[in-house]
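This briefing introduces a structure to a reader who has not met it before. Please view the sequence and the model together before turning to the points that follow.

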Amino acid sequence: MKPRRAATILCALLATQSAAMPRSANRSPKREASSARQRRFYDRGCLFSPEGRIYQVEYASKAVERGSFAVGVLGPRGVALAAVRSAGLRATPEPLLSPNWCERVHRVDGRIWCVACGVVPDATTLLRALREFAAEHRKTWGEAPPVEVVAKQLSRHAQKLTQRAGGRPFGAAFLLAGFDEGSDAPRLFKTDPGGTYEACEAGGFATAGAAPDDVLDALDAADLADADGAALQRAACAAAFDAAVASPPRGRDGARASDVEVCALDAAGGRVLKDDEVRALFDAREKSREAPE
């Protein structure tokens, strides 16, 4: 066989084998690499993916969901806010904790209080912006801002960052509670990192952070429509303590009184319960759990 003819036959055989190979085997790695690069592109900022999702907002919401539990219980004449402290603070021995020190419950202005959930530095930045807004509102209008106006301002401020391609939304959510000036009707709102807010009706509750289903079921079963201030505090504390038991810090089981912060609001104003008051609620809860049915 002549060399030229042999070379021609060899080329024909190689071409036939290449054509017989499945196209998926040749192109799937390339497609997977392209899909991964596309996903990383939309991960870099607040951009709509082809599916209509904004991944950075979803990640911020997950940061809130993984945070410590917080609850707000709304009654006909008051509100009770309770929050589980961070894992690092709960792991600290009680003798080393500052008395009556608040980590998550804060006063915004006048009769408006809040619980910050999620990434602490992000929540601190938003809280500072809220206080500046409330002070400017007082200076301009001569009165405290309504609670819903504060919730709307917070949501507007959070939503602005979702419109910047290179930005990152705040990984924080808030439970805002209080009274409008000249009104005795309590208000409770919940905000999220995406820039939306929702109101809670009397007899209802709002939660943020990680909580087991049985805690939410207990809140659903509670009769809060006619609850007074003491009953609201007991309901909020019970939910917070149950959530603390479900997620103990490393090296410790169960919950202790110093794991929870509580704020009580009524028409006269709001205040953070002192350590001995929270301990009394904790002891009462423990006795009720140990009592035979």
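## Briefing: salt bridges, sheets and helices

Arg279 forms a salt bridge with Glu94, and their closest N and O atoms are 3.5 Å apart. Because Arg279 belongs to helix H9 (residues 275-290) and Glu94 to the loop between helix H4 (87-90) and E3, the pair ties together parts that are 185 residues apart in sequence. The model is a predicted one. The points below cover its salt bridges, its cysteines, its two described sheets and helix H8.

**Salt bridges**

- Side chains of opposite charge can pair when their charged atoms come close.
- The count of salt bridges comes to eleven.
- In the pair described above, Arg279 is partly exposed, with a relative accessible area of 39%, and Glu94 is also partly exposed, at 30%.
- The side chains of Arg187 and Asp180 meet in a salt bridge, with a distance of 3.7 Å from N to O.
- Arg187 is partly exposed at 24% relative accessibility, whereas Asp180 is buried, with a relative accessible area of 17%.
- Asp180 and Arg187 also belong to a network of salt bridges that links them with Glu148.
- Arg285 forms a salt bridge with Glu286, where the closest N and O atoms are 2.5 Å apart.
- Arg285 is buried, with a relative accessible area of 8%, while Glu286 is partly exposed at 26%.

**Cysteines**

- The count of disulfides comes to zero.
- For Cys117, the closest cysteine sulfur is that of Cys114, at 9.1 Å, which is too far for a bond.
- Cys117 is buried, with a relative accessible area of 1%.
- Cys200 is buried as well, with a relative accessible area of 15%.

**The sheet from E3 to E7**

- Five strands make up an open sheet in the order E3-E4-E5-E6-E7, and their pairing is antiparallel.
- Strand E3 (105-109) and strand E7 (197-199) stand at the edges; each has a single partner strand, so one side of each is left without a neighbour in the sheet.
- On average, neighbouring strands of this sheet are turned by 25 degrees against each other, direction ignored.
- Within the sheet, strand E5 (residues 172-179) and strand E6 (residues 186-191) pair in the antiparallel sense over five bridges.
- Ala177 has Leu188 in E6 as its bridge partner.

**The sheet from E8 to E10**

- A further open sheet is formed by five strands in the order E8-E1-E2-E9-E10, again with antiparallel pairing.
- Its edges are strand E8 (205-208) and strand E10 (269-272), each with a single partner strand, so one side of each is left without a neighbour in the sheet.
- The twist from one strand to the next averages 10 degrees.
- Strand E1 (residues 70-74) and E8 run antiparallel and are joined by four bridges.
- One bridge partner in E8 is Phe205, which is matched with Val73.
- E9 and E10 likewise run antiparallel, joined by four bridges.
- In E10, Gly270 is the bridge partner of Leu265.
- A hairpin of two residues joins E9 to E10.
- Helix H7 (residues 213-221) lies across E1 and E8, and runs at about 170 degrees to E8.

**Helix H8**

- Helix H8 (residues 229-246) has 18 residues, which at 1.5 Å a residue should span 26 Å; its end C-alpha atoms are 26 Å apart, so the two values agree.
- An α-helix has 3.6 residues a turn, so residues three or four places apart point the same way.
- Buried residues of H8 include Ala231, Leu232, Ala235, Ala236, Ala239, Ala240, Ala243 and Ala244.
- Gln233, Cys237 and Phe241 of H8 are buried too.
- The buried residues of H8 pack against strands E1, E2 (79-84) and E9 (260-266), and against helices H4, H7 and H9.

Technical notes:
Residues numbered from 1 in each chain as written. Predicted model: local features only at pLDDT ≥ 70, side-chain atom pairs only at ≥ 80, totals over all residues. Heavy atoms only, no water. Pairing = 2+ DSSP bridges. Axes fitted to C-alpha atoms, helices over the stretch in contact; angles between N-to-C directions. Contact = heavy atoms within 4.5 Å. Salt bridge = Lys/Arg side-chain N within 4 Å of Asp/Glu carboxyl O. Buried < 20%, exposed > 50% of the residue type's maximum accessible area, 1.4 Å probe, protein only. Disulfide = S-S within 2.5 Å. Expected span 1.5 Å × (residues − 1).
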